Amino acid sequence: MRPPYIFIFFLFLSWAATNTTSKSSGDTYVREACSVTRYQNLCIRSLSSFSQLAKKNPSIWARAGVSVTITDSKNITQFLKNLNKNKAMKGKNKLALSDCIECFLDAIDNLHKSLGVLRNLDSAKFDDQMSDVITWLSAALTDEETCLDGFQEQNDITKQVRVVLNRVSRTSYITSNALALANNLASTGLGSFIN
């Protein structure tokens with residue numbers, strides 16, 4: 001009769017092999033989905049947790065991309081509001097900060113509209129729905145770029161402004177990736193969004 005620890009060892013090896021296979025197939029799914037995006041490494045990092053759910057479904061990837069963008073946009077909006085509340089910026093930077101907050105509030109509204117449509121895709125209205133989604137995501141990206149422009153036009157780029165620029169840029173990259181995933185869904189067509 002084999003000692004019990006040998007059985008446990010083989011059980012562990014079996015579990016590890018299954019877990020590794022599952023993880024590597026998940027990595028393949030997210031890499032394949034993110035291959036259509038401009039910022040692929042950021043896409044893979046931000047969306048890897050959706051791999052087993054989304055697999056090869058462009059509709060789920062598009063929804064995941066927009067969901068992650070909403071969360072990131074809300075976080076940066078809160079960060080910007082805190083800067084404003086603490087009177088951390090003066091002069092033209094203060095004005096740029098106020099404009100930036102407005103831009104992000106508008107972007108979040110457009111992102112929510114996009115997600116609402118992506119959750120209710122209908123084969124009879126698919127082309128019109130995707131046209132709306134792409135328009136709203138493009139508008140959200142434009143809002144974020146407008147925020148960046150307000151700061152980049154300044155001669156005085158302080159350390160704090162640089163932090164804002166870096167964070168806003170990262171959010172714009174995530175939005176760009178969401179737009180690419182939505183464009184991929186639009187071009188893939190009707191059969192791709194059936195869960």
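A residue is called buried here when its relative accessible area is under 20%, exposed when that area is over 50%, and partly exposed in between. With that scale in hand, the predicted model can be read through its cysteines and then through its aromatic rings.

The structure holds 2 disulfides, and, when the bonded cysteines are counted along the chain, they follow the pattern 1-2, 3-4. One of these links joins cysteine 34 to cysteine 43, with a distance of 2.0 Å from S to S. The angle about this S-S bond is -75°, and the link of cysteine 34 and cysteine 43 is left-handed. Both of its partners, cysteine 34 and cysteine 43, are buried.

The other link is formed by cysteine 100 and cysteine 147, whose sulfur atoms lie 1.7 Å apart in the model. The pair connects distant parts of the chain, since cysteine 100 belongs to helix H5, which covers residues 91-118, while cysteine 147 belongs to helix H6, which covers residues 126-152, and the two cysteines are 47 residues apart. The link of cysteine 100 and cysteine 147 is left-handed as well, with -65° about the S-S bond, and both cysteine 100 and cysteine 147 are buried.

Cysteine 103, by contrast, is in no disulfide, and the nearest cysteine sulfur to it is that of cysteine 147, at 6.0 Å. A disulfide requires the two cysteine sulfur atoms to be within 2.5 Å, so a distance of 6.0 Å leaves cysteine 103 unpaired. The relative accessibility of cysteine 103 is 12%, and therefore this residue counts as buried.

The aromatic side chains come next. A pair of aromatic rings is described by the distance of the centres and the angle of the planes. The structure holds 1 aromatic pair, formed by tyrosine 39 and tyrosine 173, with 4.1 Å from centre to centre and 25° between the planes. Planes under 30 degrees apart count as stacked, which is why the pair of tyrosine 39 and tyrosine 173 is described as stacked. This pair, too, links distant parts of the chain: tyrosine 39 is in the loop between helix H1 (4-34) and helix H2 (40-47), tyrosine 173 is in helix H7 (residues 159-188), and 134 residues separate them. Tyrosine 39 counts as partly exposed because its relative accessibility is 23%, and tyrosine 173 is likewise partly exposed, with a relative accessible area of 33%.

A further contact involves a charged side chain and a ring: arginine 167 lies over the face of phenylalanine 79, at 4.3 Å from the ring centre.

Note on methods
Residues are numbered from 1 along each chain as its sequence is written. This is a predicted model: local features need pLDDT of at least 70, side-chain atom pairs count only at pLDDT 80 or more; totals for chains, interfaces and linings use all residues. Side-chain values use heavy atoms; hydrogens and water are left out. Buried means under 20% relative accessible area, exposed over 50%, partly exposed in between (1.4 Å probe, protein chains only). Helices (H or I, at least four residues) and strands (E, at least two) are DSSP runs, numbered from the N terminus. Rings of Phe, Tyr and Trp (its six-membered ring) pair if their centres lie within 6.5 Å; planes under 30 degrees apart count as stacked, over 60 as edge-to-face and the rest as tilted. A charge sits over a ring if NZ of Lys or CZ of Arg is within 6 Å of the ring centre and within 35 degrees of the ring normal.
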